[in-house]
Amino acid sequence: MAANVALLGDAPFLILQLLLDGLMIGAIFAVAAYGMALVWGVMNVINVVQGELVMLGGFIAYQLTLWGLSPLWGVPVAAIVLYFVGAGLHHVVIRRVADRDMFISLLATFGLSILLQQLMNQIWGGDVKTAQSGLGTWFLLDYTVTVSQMKVAAFGGAIAIGAVLIIFLKRSRLGQAIRATAQNPRAARILGIDTNRVFAATYGINAALCGAAGALVVMAYSVHPYIGLPYTVRSFMIVIVAGLGNLPGVIVAGLGLGAAENFAGFILGVQYQVAFVFCLLVVILVIRSTLLQRRRQFLK
Amino acid sequence: MLKGWAVAIGSAALGLSILAAGDAQAKVEGDTVYLGAAVSLTGKYTTAGEHTQRGYDLAVKTINDAGGITVGGNTYRLEVIYYDDESTPARGAQLAERLINQDGVDFMLGPYSSGLTKAIAPVTEQYGVPMVEANGASLQLFNKGYRYLFAVLSTTEQYLASAVALAAEIAEREGRDPATLKLAGAFENDPFSQDIRAGVIADAEKFGIQVVIDDQLPPELNDMAATLAKTKAVKPDILVVSGHSKGAALAVRQVEEMRVDVPMLAITHCDSADVIGKFGAASEYTLCASQWAPTLSYQDDVFGSAADYAATFEAEYGYAPPYQAAESSAAVIVFADAFERAGGFGKDAVRDALAATEMQTFYGNIRFDETGKNIAKPMVLYQIQDGAYVVVAPTKWAASEVRHPTPPWSER
């Protein structure tokens, strides 16, 4: 461990490399986390199927490459397809559990995640899939630091998606309805908002966000039917850290988590990378619950 | 009251199962010998489970089409009874019980993966049912004193040790002391890759090679950037990565993306991750461990040469056989041979015949040591050269010379 820290001192370019790689994977976590914050805040559902929706988005982008299209199209296409998948899931399952005890929605979405895993396994098989975006690599500081253009695109895409979402929630009628429903579903219903439609749209938007994130994942990393869980866990963490109503906070927390994780992997060894994430979660929860006990959170 | 009922139902069930067990007899009906197998047809091993099943099926079909096996002057056909173990060890163990107790199977073929084999082996052992397995490579299967377990494949610790040996061999040829070499390793934190790690570390110690990075990738990790950044800084001579097909895809992709210059990159699961198809030129020079290759010069009477097997398999299923299929076919051949030598279908006679196996199959030489693992077949090492897998080690079976060192990215 000390040797690894010394290595950072000897080769300072590594710090930049780790930071950049961390920020870029963090951006993808952030996109999935926006969706989770929305669904959690508006519908009071902790969406355990989040990671599987991300994987499904990745598989859709992969499918496009099988049809000879660039996987870059996967970002909008997966988002649109997943919107309808999400709305469908809401109609069949989520709307029946949305107002209930959180435990029921946890179980229901957990069941959905198993179902989706098996379906993806049946359709695309149990091997990892990746798609080549055709983008290259940039080199900084005399070839010592490399920046994959795909990851930069993923980063930019994630930030743009976040910005669009924030504006959408602030300005559009549906966005305002979503926020109103999040604050008080009963009052929103009394004031004429069709909360069931709002829920469906919210869940659809969440799935679309996951789909876009998945298309970025398949181009920058890889997808597999059974590796969705880390995305669920990271989303959950980011939302916990940022708070439900705080979308800019989600971006910052996502980026920070990605970078912290990467540094921890380097310094402690990758075997402790995930353990570090969970330790961090515990620390943050303790700090939050002591410092911010009395502040109520709602979707602004 | 409730308790009373539970006891009654329990004892009735027990009685029934004893009846069923009593009913079971050696599953040789008429001219058909039944083998049992639990394979993964759903769940996370679906793809590999299917290769396993197809390997078994192809060997059974080929043997039957050629007239079956001759035991004690009579000819018999082979047939396999399959169940889907859903890729879960507990289910595998249950199904093994079912195959033995209800279906009366006396001979078992292995499931896919070390984990499932570990779950099933105690069951077959308990009933004294010989099992020939082809897809459980973990060394831990062979230090438990099992008498009825036989494996045709090379055990895990040999997977990438051959790459370390190759690096040392090259260094010596170039007049360099292997002890000056530096090795970086990244191994997924699961039993399979940790076995591989043990083999690599042991071999590195044997040659005095210094291990400069020894990272254990969490199974859920989808990014190797931290390990590779470190690799760039310490500049090892060999980079070894093991993490099933995810590890293979990540390693090849990110080594290129991050322009990690390393003279030798050795990984597992190249073919199942399809690194050539996905990454093209970026995968060149990569070394891949494999149990078997169609270009090897082994042969037998059932399929002919390794190349003949590949052709037969491709004609039947429309794709080139992965080694998982080849070794599964070999397991059936080994059973057929043991039946013929045993001259009957007594479990212990067949077990003893299996233990005395000494033969060449298209898949490789087969001879079991006292723990049941095959010690006659080495692992092979492929290198990706001009967009194709070429065997480069062990030198005895190699088709081509290894290309070493990998040129730096600035020249590729």
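**A seven-stranded sheet and a shared face**

In chain B, helix H2 gives way to B:Gly67, a residue with a positive phi near 105 degrees. This comes from a predicted model. H2(B) itself covers residues 46–65, 20 residues in total. From first C-alpha to last it reaches 28 Å, close to the 28 Å expected at 1.5 Å a residue.

Now to the sheet of chain B. Seven strands make up an open sheet here, in the order E9-E8-E10-E11-E12-E17-E18, and the pairing is mixed. E9 and E18 of chain B sit at the edges, each pairing on one side only. From one strand to the next, the twist averages 25 degrees.

At the E9 edge, strand E8 (residues 182–188) and E9 of chain B run parallel and are joined by seven bridges. One spot to look at is B:Lys182, which stands opposite B:Gln210 in E9(B). Helix H6 (residues 191–207) of chain B completes a β-α-β unit with E8(B) and E9(B), and that unit is right-handed. Further in, strands E10 (residues 238–242) and E11 (residues 264–267) of chain B are also parallel, with four bridges between them. There, B:Val240 has B:Ala266 of E11(B) as its bridge partner.

The E18 edge brings in the antiparallel sense: strands E17 (residues 380–385) and E18 (residues 388–393) of chain B pair that way over five bridges. B:Ile384 stands opposite B:Tyr389 in E18(B). The hairpin of these two strands has two residues between them, and B:Asp386 takes a positive phi near 50 degrees in it. Parallel or antiparallel, strands of a sheet pair through backbone hydrogen bonds.

Helices pack on this sheet too. H7(B) touches E8, E9 and E10 of chain B, and its direction makes about 170 degrees with that of E9(B). H8(B) lies across E8, E9, E10 and E11 of chain B, at about 160 degrees to E11(B).

Next comes the meeting of the two chains. In chain B, 32 residues are in contact with 34 residues of chain A. On the chain B side, the elements giving two or more residues are H2, strand E9 (210–217), helix H7 (225–234), helix H8 (244–257) and helix H9 (270–273). By class, that side has 12 nonpolar, 10 polar and 10 charged residues.

B:Ala273, in helix H9 of chain B, offers a close-up. Its contacts beyond four places in sequence are with A:Asp127 and A:Val128 in chain A, and with B:Ser245, B:Ala248 and B:Ala249 in chain B. B:Ala273 counts as buried because 30 other C-beta atoms lie within 10 Å, where 20 or more is the cut-off. Its C-alpha atom is separated by 8.8 Å from that of B:Gly247, a residue 26 places away along the chain.

Over in chain A, helix H10 (residues 229–242) has 14 residues and reaches 20 Å from first C-alpha to last, close to the 20 Å expected at 1.5 Å a residue. H10(A) is mostly covered, with 10 of its 14 residues buried. Among them are A:Tyr231, A:Arg234, A:Phe236, A:Met237 and A:Ile238. The buried residues of H10(A) pack against four helices of chain A: H2 (13–43), H3 (50–66), H11 (247–268) and H12 (273–291). After H10(A) comes A:Gly243, whose phi is positive, near 95 degrees.

Conventions
Residues numbered from 1 in each chain as written. Chains lettered and ligands numbered in written order. Predicted model: local features only at pLDDT ≥ 70, side-chain atom pairs only at ≥ 80, totals over all residues. Expected span 1.5 Å × (residues − 1). Pairing = 2+ DSSP bridges. Contact = placed C-beta atoms within 7 Å. Nonpolar A, V, L, I, M, F, W, Y, C, P; charged D, E, K, R; others polar. Right-handed = clockwise from strand over helix to strand, strands pointing away. Axes fitted to C-alpha atoms, helices over the stretch in contact; angles between N-to-C directions. Buried ≥ 20, exposed ≤ 12 C-beta atoms within 10 Å, placed from the backbone.
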